[in-house]
Structures are given as structure tokens and as C-alpha cells.
Amino acid sequence: MENINWKEFGFGYTKTDYNVRCHFRDGKWGKLEVSSSDHVDVHIAASGLHYGQQAFEGLKAFKGPDGKVRVFRMEENAKRMLSSSQGIMMAELPIELFCEAVTKAIQLNARWIPPYESGASMYIRPVLFGNGPQVGVAPAKEYTFIVFVMPVGPYFKEGFKPTDYVIYREYDRAAPQGTGTIKVGGNYAASLRGGHRAHEEKYSAVLFLDSKEKKYIDECGPANFFAIKGNSYVTPKSNSILPSITNKSLRQIAEDMGLKVEQRPILVEELSEFDEAGACGTAAVISPIRKVVDADNNIEYFYGEEAGEVSLKLYETLRGIQYGTVEDKHGWNTVIELD
Ligand SMILES: Cc1ncc(COP(=O)(O)O)c(C=O)c1O
């Protein structure tokens, strides 16, 4: 495509040609609309502004060496947005409408999908929020759903390098029976102070513990935690973490590779027993962990300067499926038709 330097993209915002929108009014969703503006009309008394009635998603589309464009597990993101909308009483967004809007946003911005060789991809950001006037604390009657897309660079510019994570017990991301399992903005706002301090202290992110007892591992900032222990893939079971679609996929791949998959509460002390550890999510697939520092107790759990062999295999398999170079035997990709 014409003069785009694909190497220049990180994870910052890039304006592309179009975004897709849909409004819920009078008890029903309207038709998809296409806009070339990157601003939106928001009511001054919108519940999305005042009461946090807001949820978002993040998924990616990839151009393979065969020239085909594949979007990864779009229905899973649609289901998660539906559960987010139910969790904070927003208008339910039908799965088909989500998929139609995502497909359309990719198609309309086809020239922004990075070529395979660049190692970059297209990031897709759906967002849903209460946009009707709602001054008393109650669910709004009107909602806006928007999907925008942008090219994002390869996450690992210098290769698949492990980084450091930190435990601070003074910050909670989500309450035990709260909104941790859904993708609402408030969880991210709550994580900002801890995340900021972690960055200042040169860590990649906070490894959050469960908010109630501070005994178990929850998740890694905006990613799930997993570890390899002998022949097992181990990942937390918790009622305050986001059900990561990447983690769900890695569990399946691990099982296909003959590993035992354990999804269970993980005590902090168990960090000393793992052979490999990593953070997983859409942004990086896997971000290997070099060490976890328990800052409150001055303990370090070290996993290695280089990524472990199992993490690397999991990473390469999942990336290969996304780019169409490894067989998609579970039918995770949707090929997007472009004309
Ligand atoms: C809090 C949190 N946990 C985990 C994840 C990883 O989820 P996924 O693999 O669906 O991107 C994300 C990113 O979406 C996140 O924000």
C-alpha cells in the first residue's frame, strides 16, 4: 500500500479511514452507520460519563503470507462484550451485530491492514457505553456502540524477551465479587496508580493478588498469568480476573501439546516452584516473565533471562494460527472477504 511505514507503529492511536457505529434507542438497536470522524456525540448526562456504564473489547486481524485476512476468535470477544453489558446492565449487544460491525470496520479500512512481513497487525477496538441522559443512578435507556481499528506494531521489536513484574499489596484492581470478570473501564482506572508505580520502578506491570486475602495470584495488569510447572500449564482460577481469550486458546494448545492443564487458585508462594512464567493477552500473545518481585517482602522469583522452551512453543503455535501458517484445527479464525 501507498507509503505507509509499517515499522513506525507502536500501540498508539492512529486515525484510519472509517469507524462503524450503532445506536440503541427506544428499546432497539438501529442500523450500522459508517463515520469518518474520530469524535462522537455524547450527552452531557450520559451514564457512560457519570456512572461508568461502559465496556470495551480488544481483538486483532492478521494478514497471512497467503494474502488472506483473518480475525481471531471474534465470537469470543462478542460473547465477552455481551457478558460485560449484562454485568453492568447496559443494552445487550447481539453477537451477530458485534461480528457484523467488526467485519465491516476491517473491510472499510482494508488498506490499513499491515502486510505479513511487517510482523504488525490490525487492532480492533469495540466500545459500548450508556449515552442517554441519566441523572439518577440507574441504567441508561440509550447506548452507543462503536468499532474502530488501527494498525499496531509487532509487540516484541527486540525479540521475545522476558521482563519483570511486581507484587504490591496496597493496590486492588477489582473487588472479589465485583466487575473483575468483565471488561469495564472502571477496572482499568483502578489499576492505573499501581501500574504507574510499577513503570516508574521499571517493571512491566503489577502482578495483582486476590483483593480479599492477598494469598492468591490474580492477573498481570492487563493480561492473565500462566506458568509451566513440569508437564503442566498452570493458570489462576479466580472470580476477579478477566477470562482471557488468549489464555483459553493457550490452554487448548497446551492440551494439544500433551501438557496437563490446571486452572486453579495459585498461592503466591507457589511462584518459587515454576519452571517458566508468563503474561498472556491479545497485545503480545505471551509476554515471558524474567522475574516477579514481591516488593512488600523483598522476595524475588526468577525464571530466566531467556523465554522458556514451552512458552516459546505455545507462542509460536498461537501466532502461526493467527497468521495462517499453522493449521487452525479448532476453527478460531474468520477469514474476512475483501474486494
Ligand atoms: C485485565 C485483562 N486481563 C486479561 C487480558 C487478556 O485478555 P485477552 O486474551 O482476551 O486479550 C486483558 C486484555 O484484554 C485484560 O485487559
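**Salt bridges, a cavity and a surface patch**

Student: How many salt bridges does the count come to?

Tutor: The count comes to 22 salt bridges. Keep in mind that this is a predicted model.

Student: Okay, let's pick some. Which side chain meets R73 in a salt bridge?

Tutor: That would be E76, with an N to O distance of 4.0 Å.

Student: And are E76 and R73 buried or exposed?

Tutor: Both E76 and R73 are buried. For E76, the relative accessible area is 15%, and it counts as buried because that value is under 20%.

Student: Which other side chain does E76 meet in a salt bridge?

Tutor: K79 does that job, at 3.2 Å from N to O. Unlike the buried E76, K79 is partly exposed, at 45% relative accessibility.

Student: How far apart are K79 and E76 in helix 2?

Tutor: They are three residues apart in helix 2, which covers residues 74-87, so about one helical turn separates them.

Student: Why can side chains of opposite charge pair at all?

Tutor: Side chains of opposite charge can pair when their charged atoms come close.

Student: Fair enough. Now what about D172, which side chain does it meet in a salt bridge?

Tutor: D172 meets K214, and the N to O distance is 2.3 Å. This pair links distant parts of the chain, 42 residues apart. D172 sits in the loop between strand 9 (163-167) and helix 4 (185-200). K214 is in the loop between strand 10 (205-209) and strand 11 (217-220).

Student: Is D172 partly exposed or buried? And K214?

Tutor: D172 counts as partly exposed, with 37% relative accessibility. K214 is buried, its relative accessible area being 19%.

Student: Which residues do salt bridges that share partners join into one network?

Tutor: That network takes in K229, K260, E262, R264, E270 and E273.

Student: Switching topic to cavities. How many are there of 30 Å³ or more?

Tutor: There are three cavities of 30 Å³ or more, and the largest has a volume of about 110 Å³.

Student: Which residues line the largest cavity?

Tutor: Its lining is made up of G58, L59, K60, F62, F72, N77, I245, T246, G281, T282, V285 and Q322.

Student: Which strand gives the most to that lining?

Tutor: Strand 5 gives the most, with three residues. Strand 5 (59-63) and helix 5 (245-256) each supply at least two residues to the lining of the largest cavity.

Student: And how does the lining of the largest cavity look by class?

Tutor: It has five nonpolar, six polar and one charged residues. Glycine counts as polar in that tally, and G58 and G281 are among the lining residues.

Student: Let's go to the outside. Which residues make the nonpolar surface patch?

Tutor: V40, V42 and L49 make a nonpolar surface patch of about 240 Å².

Student: Where is L49, and is it buried or exposed?

Tutor: L49 is in helix 1, residues 47-50. L49 is exposed, with a relative accessible area of 58%.

Student: One more residue, then. Where is Y143?

Tutor: Y143 is in strand 8, which runs over residues 143-152. With 2% relative accessibility, Y143 counts as buried.

Student: What separation do the C-alpha atoms of Y143 and K313 have?

Tutor: The two C-alpha atoms are 42 Å apart, and Y143 and K313 are 170 residues apart along the chain.

Terms used. Residues numbered from 1 in each chain as written. Predicted model: local features only at pLDDT ≥ 70, side-chain atom pairs only at ≥ 80, totals over all residues. Heavy atoms only, no water. 1 Å grid on protein atoms, 1.4 Å probe; cavity = no way out; pocket = protein on both sides within 12 Å on 5 of 7 lines; lining within 4 Å. Points joined across faces, edges and corners; volume = space filled by probe spheres on them. Helix = DSSP H or I, 4+ residues; strand = E, 2+ residues; numbered from the N terminus. Patch = residues over 30% accessible without salt bridge, like charges linked within 9 Å, V, L, I, M, F, W, Y side chains within 5 Å. Areas by Shrake-Rupley, 256 points an atom, 1.4 Å probe, with all protein chains shown as cover. Buried < 20%, exposed > 50% of the residue type's maximum accessible area, 1.4 Å probe, protein only.
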